[in-house]
Amino acid sequence: MSSEKKSVLILGGGLAGLTAAKRLTDKGFQVKLLEKREIFGGKVSSWKDDEGDWIESGTHCFFGAYTVLYDLMKEIKTDHAVLWKKHQLTYTLDGGGRFTFNTWDLPSPLHLLPAIAKNGYFTLGEMAAFSKSLIPLALKKDKYPPTQDHLTFAEWAEQKKFGKRLMEKMFRPMALALKFIPPEEISAKIILDVTETFYRLPDSSCMGFLKGAPQEYIHQPLLDYSASKGAVFKNRTAVEELLFDGSEIKGVQLRNGEILNADYYLCALPIHNLNRVVPENLKTYDRFFGGLDNLDAVPVISVQIWYDREIASDDNVLFSPDGVIPVYANLARTTPDYRTLRGEPFSGKTRFEFCVAPARNLMGLSKEEIIRQVDLSVRNCYPQSSIGARILKATLVKIPHSVYAPIPFMEQYRPTQKTPVHNLFLAGGFSQQLYYDSMGGAVMSANLAVDGIVKQENLKNG
Ligand SMILES: Cc1cc2nc3c(=O)[nH]c(=O)nc-3n(C[C@H](O)[C@H](O)[C@H](O)COP(=O)(O)OP(=O)(O)OC[C@H]3O[C@@H](n4cnc5c(N)ncnc54)[C@H](O)[C@@H]3O)c2cc1C
């Protein structure tokens, strides 16, 4: 790069924006990042409530597959904070039943043998029918899922006829946990991609939890690192619009009327916010931008409930096909720093965090009603251990627009990080990369956007 530092304005301080800020600062760019909220972290943000307890946007599981995320955490020296859990998936059922998919420490695909043969719920016949449906995946590997983006997962399953129980009890909570939409809405490509990765890479389905708040182990260390190298972070600074002159981005108009300029612009906004800041003349300039309007975001609700006793002793993620809690965990087990209630030690009891989905029909309900439905789901799954249990505290976060909705035919509209405008780049979970809208996806999208800016700069300098 030339001796004069080139400037980059990053819009959005979620994981993608913060990762990009670090990577660009490391490469010698002058970075300024604008975030509209008080806190950084976007969909992985966490903050302390008035009583001193951490609240999160939602439960975040760390999949083994996200190597780009762990590389980043190593660089900021916080990779030790991911606590890996036993490699198994446990499903809890109405009436108190449960089943577990275990894995063995063997090369792929042998690692899945106990999940197929010894899950204790699905019969060998059901698992054999399911395995048969995956033959195209086994033969064509990662080339197969993209050919199925025209179907919902429910339509794909209907064609393969692998049985209602597998769909209802295993795949419904899986779809809801992954993208907060049911099998009747999610593209078959997404579930098949995830299945292919889990099948091919034994450690990819292993899950970890952060030792405590993402704010302490990811966002603040990233901010501190980049700020110490000269990056500037502005919170409570909302971007109103990108200013496009017909050939390049000339500046960014803030909501307070101010205009900021830079050599490069990197939008790391959620899709619904990106669509608001892309001006009409950019949308009509190239269908790359016009197509973004087809992508939309999904509502989801996050609930925490503290109970006065231990209802579930699992130190791992839990799934449930019944009720409104497709994925949840007892944070008093999984997350050591969260063993608190109103700032005081809280061990040997339950601090559940639930992802409540599908949320579309629940968004308009009161906090009390949503907590009531979540509590009912808990009592149905734990009819014995919940007898007499009292709720000590409950919190709720509604997110009207969370991850982008990966419904059929949307892959064609997911943008690359490089855009047709030479000084504009995109990052964010919705943009094209391996991991969809996830923490791994946000980091990978930022890496790709930064590679694009560096390449562009090198090209300019010959
Ligand atoms: C409840 C829930 C649970 C999840 N669970 C998991 C999980 O278990 N594992 C996993 O890997 N992923 C999970 N995810 C997904 C993961 O959180 C996201 O994919 C990832 O955080 C996206 O990061 P991002 O930087 O692309 O976007 P965001 O986090 O959305 O960041 C965008 C930022 O832009 C800011 N912004 C918006 N508009 C403007 C504007 N006009 N001006 C300036 N700033 C603006 C926003 O405030 C935000 O901070 C979950 C998400 C949710 C909501």
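## Helix α1 against helix α15

In this predicted model, helices α1 and α15 are oblique to each other, because their axes cross at roughly 40° and angles of this size fall outside the ranges counted as parallel, antiparallel or perpendicular. The axes of α1 (residues 15–26) and α15 (residues 439–460) come within 8 Å, and the crossing is right-handed.

On the α1 side, the contact is formed by Leu15, Ala16, Thr19, Ala20, Arg23 and Leu24. These residues meet Met439, Ala442, Val443, Ser445, Ala446, Asn447, Ala449, Val450 and Ile453 of α15. By class, the contact of α1 with α15 comprises 11 nonpolar, 3 polar and 1 charged residues.

## The parallel sheet beside α1

Helix α1 also lies across strands β1, β2 (30–34) and β14, and runs at about 170° to β2. These strands belong to an open sheet of 5 strands with parallel pairing, in the order β10-β2-β1-β14-β22. Strands β10 (232–234) and β22 (424–426) occupy the edges; each has a single partner strand, so one side of each is left without a neighbour in the sheet. From one strand to the next, the twist averages 20°.

Within this sheet, β1 (residues 7–11) pairs with β14 (residues 264–267) in the parallel sense over 4 bridges. Leu9 has Tyr265 as its bridge partner in β14.

## The buried strand β20

Strand β20 (residues 350–356) is largely enclosed by the rest of the structure, since 7 of its 7 residues are buried. In a regular strand, side chains alternate between the two faces of the sheet. In β20, Thr350, Phe352, Phe354 and Val356 point one way, whereas Arg351, Glu353 and Cys355 point the other way; all are buried.

Strand β15 (residues 300–307) runs antiparallel to β20 and is joined to it by 7 bridges. Strand β17 (residues 327–330) is likewise antiparallel to β20, with 4 bridges. Glu353 of β20 is the bridge partner of Gln304 and also of Ala329.

## Helix α7 against helix α8

The axes of α7 (residues 164–179) and α8 (residues 188–200) come within 11 Å and cross at roughly 95°. Helix α7 is therefore roughly perpendicular to α8.

Phe171, Met174, Ala175, Leu178 and Lys179 of α7 make the contact with Ile190, Ile191 and Val194 of α8. The residues of this contact divide into 7 nonpolar, no polar and 1 charged.

Key:
Residues are numbered from 1 along each chain as its sequence is written. This is a predicted model: local features need pLDDT of at least 70, side-chain atom pairs count only at pLDDT 80 or more; totals for chains, interfaces and linings use all residues. Axes are lines fitted to C-alpha atoms, for helices over the stretch in contact, and angles run from 0 to 180 degrees between N-to-C directions. Helices (H or I, at least four residues) and strands (E, at least two) are DSSP runs, numbered from the N terminus. Angles under 35 degrees count as roughly parallel, over 145 as roughly antiparallel, 65 to 115 as roughly perpendicular and the rest as oblique. Two residues are in contact if their C-beta atoms, placed from the backbone, lie within 7 Å. Ala, Val, Leu, Ile, Met, Phe, Trp, Tyr, Cys and Pro count as nonpolar, Asp, Glu, Lys and Arg as charged, and the others, Gly among them, as polar. A crossing is left-handed if the near helix is turned anticlockwise from the far one by less than a right angle, and right-handed if clockwise. Two strands pair if DSSP finds at least two bridges between them. A residue is buried if 20 or more other C-beta atoms lie within 10 Å of its own, exposed if 12 or fewer, and partly exposed in between; C-beta atoms are placed from the backbone.
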